[in-house]
Every structure is written in C-alpha cells, then in structure tokens.
Amino acid sequence: ILGRTRTVLTTMVLLVAAGIISFISIPKEADPDIPIPIFYISIVHHGISPEDSERLLIRPMETELRSLEGLKELRAIASQGHAGIVLEFDVNFDKDGALQDVREKVDMARPKLPSNTEEPTITEFNTSLFPVLVVTLSGEVPERTLYNAAQALKDEIEAIPTVLQADLVGHREELLEIVIDPAKLESYNISQSELINAVSLNNRLVAAGNIDTGQGRFSVKVPGLFETREDVLELPIKVSGDGVVTLSDIADIRRTFKDPDGFARFNGHQAIAIEITKRIGTNIIDNNVQVREVVDRMTKDWPEAIHVDYTMDASDWIYRSLGSLQSSIATAIVLVMIVVVAALGLRSAMLVGIAIPTSFMIGFFFLSSSGYTVNMMVMFGMLLAVGLLVDGAIVVVEYADRKMSEGLGKFEAYALASKRMFWPVTSSTATTLAAFLPMLLWPGVSGKFMSYLPITLIVVLTASLITALIFVPTLGTVFG
C-alpha cells in the first residue's frame with residue numbers, strides 16, 4: 001500500500017473532505033432520537049365521574065388492549081371528565097407496528113364507549129419531539145390582540161420545512177358566546193329544547209353523495225358546518241308560514257374566550273408562548289435560525305407594546321458543545337505536538353498532529369453515512385476520544401524514527417513500522433474498545449441512550465487505527 005503514495009494520499013484527502021462536508025451538513029440535535037416504548041391514550045368525556053370513567057371508559061379499552069403483542073405494562077388513570085391509559089412495550093419493539101396495533105385496538109373499543117365521548121387520542125413519546133425553541137409574546141395589550149398576533153406568527157412558523165409543529169401555550173380557546181333573550185324566546189313561542197336541537201342538528205357534516213344524470217356525475221355539497229359568525233346568526237330556528245325566525249332574532253352572539261383555568265406570565269406581563277418542535281433528523285441549529293428569521297420578519301412592524309422573547313433554545317447547548325469539541329481538538333493537537341516535538345522532533349509532531357483531525361473527519365463521514373446525528377452523547381464520545389486516538393500514530397512514528405536513526409531510509413522505516421506495529425496498535429485499540437462494548441448490551445431506554453457513546457468511540461478509534469497504520473506511514477514516506 002505504501003508504494004501507491006498518490007492513491008493513498010488522494011483517498012485520505014477525499015475522506016477528509018467528505019468528513020468536513022458531513023460535519024457541516026449532519027443534523028445536530030440536543031438529545032438522541034430514542035424510541036421510548038410508551039404510548040398514552042387520552043379519553044375525554046366532560047362531566048363524567050372517576051367511578052364512571054373507570055367503568056365506562058377504561059374497562060372497554062383495557063379489554064381490547066391487553067392482547068397487544070409485546071405489551072410490557074398497562075396502567076390506567078380515571079379522573080373527573082377524563083381517562084388516561086399508559087402502554088409500555090419492550091424497548092426493542094417496532095414503533096410503527098406497535099402504533100398501528102394500538103390504533104386498531106382503540107378503533108375496536110371505540111363503539112363500546114358512551115356516544116358523547118370525544119375521539120380518543122394516542123400520543124407517542126420521543127425525546128426528539130420535545131420543543132427545541134419557545135417564542136414568547138408578552139405585554140400589557142388586549143388579550144385578543146396578543147392571541148391574533150400569536151396565531152399569525154404560529155402559521156408562519158409552521159410553514160418552515162424543518163418545523164414539525166408549533167403549539168400555542170398560555171392562551172384561552174376562542175369561542176362564540178350566544179346570549180339568549182328569554183323575552184324574545186317566549187314571544188316567538190320557542191322552547192329551549194327546540195333551540196338546542198336546531199343548533200346541534202345543523203352543525204354537522206352531511207355527505208350528500210353524487211347525482212348521476214346519465215351524461216355525467218356531479219357531486220352534491222350540503223353546507224352543514226358553522227364556519228363564520230354569520231352562519232350562526234342566520235341559523236333558522238322556527239318557520240311559521242312565510243316568516244323565518246333566525247338565531248339573530250332571539251339572541252346576541254359575540255366572540256369571546258373560555259373561562260381561564262390557568263394564567264401565563266412572562267416578566268410580569270400576560271403572555272402566550274409558541275412551543276416549536278422540529279422534524280426528526282433535521283438540523284436543530286438551521287431550524288432555530290430559520291425560526292428566528294421568520295419571527296424577526298413578522299414582528300418588525302408590530303407595536304412596541306408586544307415583547308418577543310426566546311427561551312429554552314436547545315441550539316445554544318449545541319453551539320457550546322461544538323465550541324467545546326473544537327477547543328478540545330485544538331488543545332489536544334497543541335499539547336500532543338509540544339510533547340512529541342520534545343521527544344521526536346518537529347516533523348514527527350506534525351505527522352501525529354495530522355492524525356487527530358483526520359480521524360475525526362473520517363468518523364463524521366461514517367456517522368453521517370450511517371444516518372446518525374450529532375447529539376449530546378456523540379459529542380461526549382468525540383471529546384473522550386481526543387486523548388485516545390493519537391496513541392497508535394505516536395507508536396508508529398516513534399518506531400519509524402528509531403529505525404531511521406539506525407540507518408534505514410524513510411520509506412523502509414515507515415513500511416517496517418506499519419508492518420511491525422500492526423498487531424500492537426490493533427490490540428491496543430481493541431482492548432480500549434472492549435471496555436466500552438458492554439455499554440451496547442445495557443437494557444432499556446437508558447441502554448439505547450448510552451449506546452451512542454460506544455458507537456462513536458468505535459467509529460472514531462477505528463478511523464484512528466486506519467490513519468495510524470496507513471495514512472501516517474504514507475505521509476511519513478514523503479515528509480518523514
């Protein structure tokens with residue numbers, strides 16, 4: 001291999017270039033994408049007691065869910081107006097398959113629930129689906145002004161390709177309040193049951209189907225849902241002869257909010273927060289930069305009374321970690337060169353110093369090619385590997401220098417060093433990796449989380465082994 005210097009050096013340059021590109025483009029996250037084997041089923045039935053919730057909501061669900069394959073534990077919570085069921089699977093489960101099975105079981109149990117129970121919702125847990133940035137709007141302005149501003153900003157943020165969703169927090173749900181005039185209700189001889197039936201029967205989606213004329217087919221659309229305030233105002237309540245009594249004749253309708261069940265404050269002012277979740281596998285830094293650009297563009301013409309703040313920015317931790325990694329690499333190179341210069345000379349120090357960034361870039365290339373992201377555990381593994389990956393290069397360079405001092409040429413010396421030091425360097429790297437391999441066997445979610453550390457070390461130290469036995473000797477035959 002050392003006889004093909006141009007081929008080896010070209011391969012090294014290409015791998016380093018690919019590593020640099022991978023380091024720039026690889027998705028960067030705060031936490032690893034760990035498939036937590038837990039699903040939560042939420043069932044809402046307003047006004048139901050905890051006892052009835054257990055009997056009418058939880059038991060029918062439990063009957064169907066108990067037969068799920070791979071189910072490890074099932075826990076249920078009954079409360080006023082609500083029932084919650086927690087499903088925990090084995091950590092090696094198929095997330096997509098399990099989610100599909102849970103949905104099928106919930107659909108099978110749905111007809112057994114009371115008729116006015118809301119549709120059950122299924123939530124899956126994933127650390128990568130936690131908010132990566134929170135945009136907070138606050139100020140002493142009318143609540144509707146703050147709500148409209150937050151809603152407009154939310155729509156713009158969700159249009160960003162890397163954003164999975166943006167949820168409003170701290171706001172009250174908007175609704176139409178209908179204030180009935182009892183005198184008008186009595187004058188038109190309309191009972192309360194007639195009024196309630198008229199509203200409930202009209203706010204429905206009606207599938208009208210198609211009309212086939214023999215020469216073509218036309219779809220029929222029946223407007224049945226309330227979409228605007230005017231739809232509610234023009235709702236017919238009673239027909240008497242040619243006269244039609246609408247809801248606007250007997251009631252006053254205005255836009256308002258639900259009664260508050262909590263309050264959100266930021267720096268002493270009322271606030272509405274927008275929690276932003278990015279898509280799995282996307283770059284957290286690029287995502288948050290795009291969000292900030294959209295927020296700055298949208299808010300530049302807003303009144304000064306509305307304050308915009310950013311909190312819980314997960315990209316700050318990534319910036320600090322990347323800066324720490326780069327500083328550690330630079331420090332390691334400097335310290336290694338100082339030690340090696342004192343022991344072996346300037347040229348040997350240069351060869352050993354080159355091994356550090358080369359191993360890292362090759363490692364980033366293979367991590368990116370394997371679909372991994374840069375996260376907390378990967379960064380920690382990189383920092384841990386800085387002091388380990390130079391051992392093989394030092395051994396090879398020192399052995400070659402000793403042989404050159406005995407009279408061998410640089411080509412023969414480095415070829416002999418690569419051959420004689422192959423097994424010592426390989427066994428040294430293997431024993432180092434053997435100490436971390438048991439971490440791959442840890443069970444549970446914590447084992448999945450910690451597995452990123454040994455995987456990173458395996459990739460980087462394998463890259464350092466290739467560098468020490470192939471690339472460094474090849475460089476030594478040219479510059480040694």
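Here are legends for three close-up views of this predicted model.

**View 1. A nonpolar patch sits on the surface, made of Ile211, Phe218 and Val220.** Taken together, these three residues offer about 270 Å² of accessible area. Let's pick out one of them, Val220, which belongs to strand 9, the stretch covering residues 217-222. So how does Val220 count: buried, exposed or partly exposed? Its relative accessible area is 32%, and because the partly exposed class runs from 20% to 50%, Val220 is partly exposed.

**View 2. Phe471 is a buried residue in a helix.** You'll find Phe471 in helix 17, which covers residues 452-479. Its relative accessibility is just 4%, and since anything under 20% is called buried, Phe471 lands in that class. Who does Phe471 touch, once residues up to four places away in sequence are left out? The list is Val8, Met12, Leu15, Thr358, Ile362 and Ile466. For a sense of distance, try Ile284: it is 187 residues from Phe471 in sequence, and their C-alpha atoms are 34 Å apart in space.

**View 3. Here is the largest pocket, with a volume of about 440 Å³.** The lining of this pocket is made up of 19 residues. Which of them come closest to the pocket's centre? They are Glu143, Gly170, His171, Arg172 and Gly262. Now look at the elements that help build the lining: helix 4 (143-158) supplies at least two of its residues, and so does strand 14 (269-278).

Key: Residues are numbered from 1 along each chain as its sequence is written. This is a predicted model: local features need pLDDT of at least 70, side-chain atom pairs count only at pLDDT 80 or more; totals for chains, interfaces and linings use all residues. Side-chain values use heavy atoms; hydrogens and water are left out. Patches are made of residues with over 30% relative accessible area and no salt bridge: like charges are joined within 9 Å, nonpolar side chains (Val, Leu, Ile, Met, Phe, Trp, Tyr) within 5 Å. Accessible areas come from the Shrake-Rupley method with a 1.4 Å probe; for residues, only the protein chains shown count as cover. A salt bridge is a side-chain nitrogen of Lys or Arg within 4 Å of a carboxyl oxygen of Asp or Glu. Helices (H or I, at least four residues) and strands (E, at least two) are DSSP runs, numbered from the N terminus. Buried means under 20% relative accessible area, exposed over 50%, partly exposed in between (1.4 Å probe, protein chains only). Contact means heavy atoms within 4.5 Å. On a 1 Å grid over the protein atoms alone, a cavity is a set of points where a 1.4 Å probe fits but cannot get out, and a pocket is an open set with protein on both sides within 12 Å along at least five of seven lines; lining residues have an atom within 4 Å of a point. Grid points are joined across faces, edges and corners, and a volume is the space filled by probe spheres set on the points.
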